Amino acid sequence: MTPTSLLVCVVRDQDALRLADVLKERGIAFTKLASTGGFLREGNTTFLIGVDKDRRETVLAIIRECCARREEIVESTVPVNEPIGPFVPQKIKVLKGGGVLFEIPIEYYERF
């Protein structure tokens with residue numbers, strides 16, 4: 001397999017284990033990096049996946065299946081009310097899961 005694209009996929013840590021397991025089961029090689037999100041300050045995992053044209057849609061379908069968005073209730077870590085006074089944690093609904101995917105064309109590839 002000569003990859004034609006590099007998929008850079010950032011997903012929540014909670015989705016990363018399942019995604020890694022399914023990719024392994026399907027024989028799809030990847031590199032996994034730990035990362036941290038900004039807004040919720042929660043752990044993320046970044047996957048680097050080299051794909052050829054024939055497997056691209058299969059890999060995208062796996063990512064979509066394993067990393068679906070969902071609504072969760074979390075405790076707010078920033079004051080919501082102005083002016084800033086005593087901090088009272090509040091529960092808010094946020095969308096979690098999902099991810100961000102970048103596809104980068106590969107101009108040169110070498111395995112050593």
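**Exercise 1. Find which residues of α1 meet which residues of α2 in this predicted model, and describe the contact.**

Step 1. List the residues on each side. From α1 come D15, R18, L19, V22 and L23, and they meet I62, I63, E65 and C66 of α2.

Step 2. Sort the residues by class. The contact of α1 with α2 has 6 nonpolar and 3 charged residues, and no polar ones.

Step 3. Describe the geometry. Helix α1 covers residues 13–25, and its axis lies 9 Å from that of α2, at an angle of about 150 degrees. The crossing of the two helices, α1 and α2, is right-handed.

**Exercise 2. State how many helices and strands the protein has, and in what order the elements run.**

Step 1. Count the elements. There are 2 helices and 6 strands.

Step 2. Read from the N terminus on. The order is β-α-β-β-α-β-β-β.

**Exercise 3. Work out the strand order of the open sheet, and explain why β2 and β6 each have one side without a neighbour.**

Step 1. Write down the order. The open sheet has 4 strands in the order β2-β3-β1-β6, and the pairing is antiparallel.

Step 2. Recall how strands pair. Strands of a sheet are joined through backbone hydrogen bonds, in a parallel or antiparallel way.

Step 3. Look at the edges. β2 (31–36) and β6 stand there with a single partner strand each, so one side of each has no neighbour in the sheet.

Step 4. Add the turn between strands. Direction ignored, neighbouring strands of this sheet are turned by 20 degrees against each other on average.

Step 5. Take one pair as an example. Strand β1 (residues 5–12) pairs with β6 in the antiparallel sense over 7 bridges. C9 stands opposite L101 of β6.

**Exercise 4. Determine which strands each helix touches where it packs on the sheet.**

Step 1. Start with α1. This helix touches β1 and β3 (43–51), and its direction makes about 25 degrees with that of β3.

Step 2. Continue with α2. This helix touches β1, β3 and β6, and its direction makes about 165 degrees with that of β3.

**Exercise 5. Trace the salt bridges of R56, and identify the network that results.**

Step 1. Take the partner E57. R56 forms a salt bridge with E57, and their closest N and O atoms are 2.4 Å apart.

Step 2. Take the partner E103. The side chains of E103 and R56 also meet in a salt bridge, at 2.9 Å from N to O. This pair links distant parts of the chain: E103 belongs to strand β6 (residues 99–105) and R56 to helix α2 (residues 56–66), 47 residues apart.

Step 3. Check the exposure. R56 is partly exposed, at a relative accessible area of 26%. E57 is partly exposed too, at 48%, and E103 is partly exposed at 35%.

Step 4. Compare with a further pair. K93 forms a salt bridge with E71, the closest N and O atoms being 3.9 Å apart, which is within the 4 Å cut-off. K93 lies in strand β5 (residues 91–97) and E71 in strand β4 (residues 69–75), 22 residues apart. Both K93 and E71 are exposed.

Step 5. Join the bridges that share partners. R56, E57 and E103 form one network. The count for the protein comes to 4 salt bridges.

**Exercise 6. Give the share of buried residues and the share of long-range contacts.**

Step 1. Buried residues make up 30% of the 112 residues.

Step 2. Among contacts with a separation of 6 or more, 69% come from residues 24 or more positions apart.

Methods. Residues are numbered from 1 along each chain as its sequence is written. This is a predicted model: local features need pLDDT of at least 70, side-chain atom pairs count only at pLDDT 80 or more; totals for chains, interfaces and linings use all residues. Side-chain values use heavy atoms; hydrogens and water are left out. Buried means under 20% relative accessible area, exposed over 50%, partly exposed in between (1.4 Å probe, protein chains only). Axes are lines fitted to C-alpha atoms, for helices over the stretch in contact, and angles run from 0 to 180 degrees between N-to-C directions. A crossing is left-handed if the near helix is turned anticlockwise from the far one by less than a right angle, and right-handed if clockwise. Contact means heavy atoms within 4.5 Å. Ala, Val, Leu, Ile, Met, Phe, Trp, Tyr, Cys and Pro count as nonpolar, Asp, Glu, Lys and Arg as charged, and the others, Gly among them, as polar. Two strands pair if DSSP finds at least two bridges between them.
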